[in-house]
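Hi,

Here is the structure I promised to pass on, with my notes underneath. Have a look at it first, then read on.

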Amino acid sequence: VYCGTVTLAFLKKTFDRSFPFKRELFPSLEKEEKAVDEIASLIIHRITHDETWWMGGFSFGVYPLPQFQPLTLGQNEEESFGIWGRLDLTETGPEVWFPLDGYQRMLGMFQALAMLSGQKRQVLAENMIPVFLIPSPPLAECYEMLLQMHKSARAIDRGKAIRTIINDNYATYAHWMMGEDQEHSGIIKKDLINWKSNTLTNRLEKFSTLSVLYDSARMLDQALGEQTSDREQRYNEIASIWSLLLKQFTYFREAVNAPGRLPVLRARYLCLKPTGQLIVIAVLALALRTREELPLEQVIERLNEIRWETDQPNWQKIAVVDGRINGTRATITLSSRLVAYLINLPLSDVEIQELEADYCKAKGDKNVTLPKPLFSKSDEQ
């Protein structure tokens, strides 16, 4: 393996020239748009503000590799590992470069280069990038090697993705909510959050997941609308809604106050599973539209009257299918609208029509009717 550096400008020109050269031989290398955008955004921010940054090195298979020319070391230089020398790489050379490691980071750097201009672009273009070059066999074997490299790469779970994501307000809110920043009051103790993975088994004495906190922040933020662009103020609004739930929603309050009972409670109640928690949050997101007519405190009181047991008929074939939890986005939307209907949240005629149609479709019976609401207009007086 040959280790060295090239400028980003050189890498961009070389890659643009060599990658399409035998495009039909390459396996599908999917561009992860979100990751690339985040990397580009970070680099642009750092360079624009004259801050340091680091993206690490990249690995390429190169075929054919130019002849290596060893260099004679000076009297005071020590050759501990390997041999110092040079490879005569040129932007117009015959080499084909195969990306083996760091593909998304490289695309992020290329995107940042395209978005910058003037002196800032020149700074990035002349930045020295560490590269590891592997002399590759003929193209057909390179194809097999590339397939194996990408096949062996492990996809990270969503919990880890949220922990390592860059410049994402919802991830920041999720971290703040479980008390990871001393300047922002946490809402739920970190030891009650499964922040390592995206699941909650019935045996786990955890209340929720980092993924649920992230999605809840997104849902509530979108429901709050464009009232403010101040991140601190928006977090306080989201946190206050969660605080209200943890104090007044009986199931949540009991769960966080007696975590030892969580395995038993979660096995019984849908609202203590990640999907159920997001259903509850989605109901409050709907309630935010009309909170002047029906305060959130009153909405939560009504949520306490819902039968949240997983064996209840309302959940069957919707949130619970063949005894298993159905956690799709469509399920959360349908279930939250069903709950909103049951507690008499104001829904438009279109929303009720869509609810009836989706409910019949999920139940597999076009003649089935919605259950009777638990509250009526008179309950609001």
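**The sheet and what surrounds it**

Strand β2 is largely enclosed by the rest of the structure, because 5 of its 6 residues are buried. Before I go further: this is a predicted model, so please read everything below with that in mind.

β2 (58–63) has a helix against it, which I'll come to, and belongs to an open sheet of 4 strands, in the order β1-β6-β2-β5 with mixed pairing. The edges are β1 (2–7) and β5 (96–101), each of which pairs on one side only. From one strand to the next, the twist averages 40°.

Going through the pairs:

- β1 and β6 (residues 128–135) are antiparallel, with 6 bridges between them. T7 sits opposite M128 of β6.
- β6 and β2 run parallel and are joined by 5 bridges. Here S59 stands opposite F132 in β6.
- β2 and β5 run antiparallel, again with 5 bridges. The bridge partner of S59 in β5 is D101.

So if you want one residue to click on, try S59: it faces F132 in β6 and has D101 as its bridge partner in β5.

Although β5 is an edge strand, it is mostly covered, with 5 of its 6 residues buried. Helix α3 (residues 103–115) packs on the sheet and touches β2, β5 and β6. The direction of α3 makes about 95° with that of β2.

**The overall picture**

Stepping back, the protein has 15 helices and 10 strands. Of its 381 residues, 45% are buried. The accessible surface comes to about 21000 Å², and carbon and sulfur atoms account for 49% of that. If you take the contacts between residues at least 6 apart in sequence, 70% of them join residues at least 24 apart.

**Two cores**

In soluble globular proteins, nonpolar side chains tend to be buried together. Which residues touch the most other members of the largest nonpolar core? They are F207, W242, F249 and W308, in a core of 76 residues. Helix α12 (residues 274–287) is the biggest contributor to this core, giving 10 residues. There is also a second, separate core of 32 residues, which includes V6, I43, M55 and L89.

W242 is a good place to start looking at the largest core. Apart from its neighbours within four places in sequence, W242 is in contact with M177, I187, I188, F207, L213, S216, L220, F252 and I281.

**Around α13**

Helix α13 (residues 296–303) is worth a look too. Its buried residues are L296, V299, I300, R302 and L303. They cover an arc of only 160° around the axis, so they lie on the same side of α13. An α-helix has 3.6 residues a turn, so residues three or four places apart point the same way. The buried residues of α13 pack against α9 (231–248), α12 and α14.

Is L294, in the loop between α12 and α13, buried or exposed? L294 has a relative accessible area of 2%, under the 20% limit, and therefore counts as buried. L294 lies 9.9 Å from N344, C-alpha to C-alpha, with their positions 50 residues apart in sequence.

**And one residue in α14**

L338 is in helix α14 (residues 329–342). With a relative accessible area of just 1%, L338 is buried because that value is under 20%. Which residues does L338 touch, not counting those up to four places away in sequence? The list is N314, I318, L355, Y359, L370 and P371. For L370, the C-alpha to C-alpha distance from L338 is 8.4 Å, and the two are 32 residues apart in sequence.

That's what I have for now. Shout if anything is unclear.

Cheers

Methods:
Residues are numbered from 1 along each chain as its sequence is written. This is a predicted model: local features need pLDDT of at least 70, side-chain atom pairs count only at pLDDT 80 or more; totals for chains, interfaces and linings use all residues. Side-chain values use heavy atoms; hydrogens and water are left out. Helices (H or I, at least four residues) and strands (E, at least two) are DSSP runs, numbered from the N terminus. Buried means under 20% relative accessible area, exposed over 50%, partly exposed in between (1.4 Å probe, protein chains only). Contact means heavy atoms within 4.5 Å. Accessible areas come from the Shrake-Rupley method with a 1.4 Å probe; for residues, only the protein chains shown count as cover. A nonpolar core is a set of buried Ala, Val, Leu, Ile, Met, Phe, Trp, Tyr and Cys residues joined through side-chain atoms within 4.5 Å. The arc is that of the directions from the helix axis to the C-beta atoms. Two strands pair if DSSP finds at least two bridges between them. Axes are lines fitted to C-alpha atoms, for helices over the stretch in contact, and angles run from 0 to 180 degrees between N-to-C directions.
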